[in-house]
Amino acid sequence: MTHWQNRKAIGDAHEQRVTKTLRACGWTVQPCGQGTYPPTIQHALARTHSALRYFPDLIAARDGEVITIDAKDRMPSTDSDRYAISTATLNAGLLFTAAHAPTPLYYVFGDLKVLTPSEVHHYTTHARPHRSGAWVLVATKRAHPFEEVFGAPPALAA
């Protein structure tokens, strides 16, 4: 298995976990974005700088509210208690939220903590950047618990 295939399998498993957890909280969830395209389109997009590469993974609705999710697994740094988010992903997320307001975009990390692109941008403006500039790093303590953002499953809500 190639490095990309391994990363894709981990990402797909995380998306399924987020989908299952959102559904348990009463959300209707549908995949969207690059992962829903045929392999030929996915392959072509991977070689561009198009913001379509970074379109959210999931769209969800509950009680007339619509949200989007970008599932981010394997993001916490094992050394520093920070999430690493690519600068390209953050820039695309900021553009997405501006273009599709008021539909929010949430990053849901592997520990099921949540941040928005605006929060990541704000917190990383005041933090030491990754030396390559390709990543922004935000402290995991800044993230919100899943249930505070999306509600708790009925068994946990009681």
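**Exercise 1. Ser-86**

Ser-86 lies in strand 4; work out whether Ser-86 is buried or exposed, and which side chain it joins in a polar contact.

*Solution.* Ground rules come before the steps. This is a predicted model, where local features need pLDDT of at least 70 and side-chain atom pairs count only at pLDDT 80 or more, while totals for chains, interfaces and linings use all residues. Residues are numbered from 1 along each chain as its sequence is written, and side-chain values use heavy atoms, with hydrogens and water left out.

- Step 1: strands (E, at least two residues) and helices (H or I, at least four) are DSSP runs, numbered from the N terminus.
- Step 2: Ser-86 has a relative accessible area of 16%, so it's buried (buried is under 20%, exposed over 50%, partly exposed in between; 1.4 Å probe, protein chains only).
- Step 3: its side chain meets that of Thr-89 in a polar contact of 2.6 Å. Such a contact is a pair of N or O atoms within 3.5 Å; within protein, one must be able to donate a hydrogen and the other to accept it, and residues adjacent in sequence count only if both atoms are side-chain atoms.
- Step 4: beyond the neighbours within four places in sequence, Ser-86 is in contact with Ala-134 and Trp-135 (contact: heavy atoms within 4.5 Å).

**Exercise 2. Helix 3**

Thr-89 takes us into helix 3; find which residues of that helix are buried and what covers them.

*Solution.*

- Step 1: helix 3 spans residues 87-99, and its 13 residues reach 18 Å from first C-alpha to last, close to the 18 Å expected at 1.5 Å a residue (that is, 1.5 Å times one less than the number of residues).
- Step 2: the buried set is Thr-89, Leu-90, Ala-92, Gly-93, Phe-96 and Thr-97.
- Step 3: look down the helix axis and these fall within an arc of 165°, so they line one face; the arc is taken from the directions from the axis to the C-beta atoms.
- Step 4: turned away from that side are the exposed residues Leu-95, Ala-98 and Ala-99.
- Step 5: the cover over the buried residues includes strand 3 (65-72), strand 5 (105-109) and helix 4 (117-125).

**Exercise 3. The sheet around strand 3**

Trace the order of the open sheet, then say how strand 3 pairs with strand 2 and with strand 5.

*Solution.*

- Step 1: six strands make up the open sheet, ordered 1-2-3-5-6-8, with mixed pairing (two strands pair if DSSP finds at least two bridges between them).
- Step 2: strand 1 and strand 8 are at the edges with a single partner strand each, so one side of each has no neighbour in the sheet.
- Step 3: strand 2 and strand 3 run antiparallel over five bridges, with Arg-62 bridging to Glu-65 in strand 3. Two residues separate these strands in a hairpin, and Asp-63 in the turn has a positive phi of about 50°.
- Step 4: strand 3 and strand 5 are parallel, again over five bridges, and Ala-71 sits opposite Val-108 in strand 5.
- Step 5: six of the eight residues of strand 3 are buried. Asp-70, in strand 3, is buried at 5% relative accessible area, and its side chain makes a polar contact with that of Lys-72 at 3.3 Å.

**Exercise 4. The core and Trp-27**

Pick out the residues that touch the most other members of the largest nonpolar core, then place Trp-27.

*Solution.*

- Step 1: a nonpolar core is a set of buried Ala, Val, Leu, Ile, Met, Phe, Trp, Tyr and Cys residues joined through side-chain atoms within 4.5 Å.
- Step 2: the largest has 16 residues, and Val-18, Leu-22, Trp-27, Ile-69, Val-108, Phe-146 and Phe-150 touch the most other members.
- Step 3: helix 1, strand 2, strand 3, strand 5 and helix 5 supply at least two residues each, with strand 3 giving the largest share, three.
- Step 4: a separate core of twelve residues includes Tyr-83, Leu-105, Leu-115 and Val-138.
- Step 5: Trp-27 is in the loop between helix 1 and strand 1, and at 4% relative accessibility it counts as buried.
- Step 6: the side chain of Trp-27 reaches the backbone oxygen of Phe-150 at 3.0 Å. Trp-27 and Ala-60 are 33 residues apart in sequence but 6.1 Å apart in space, C-alpha to C-alpha.
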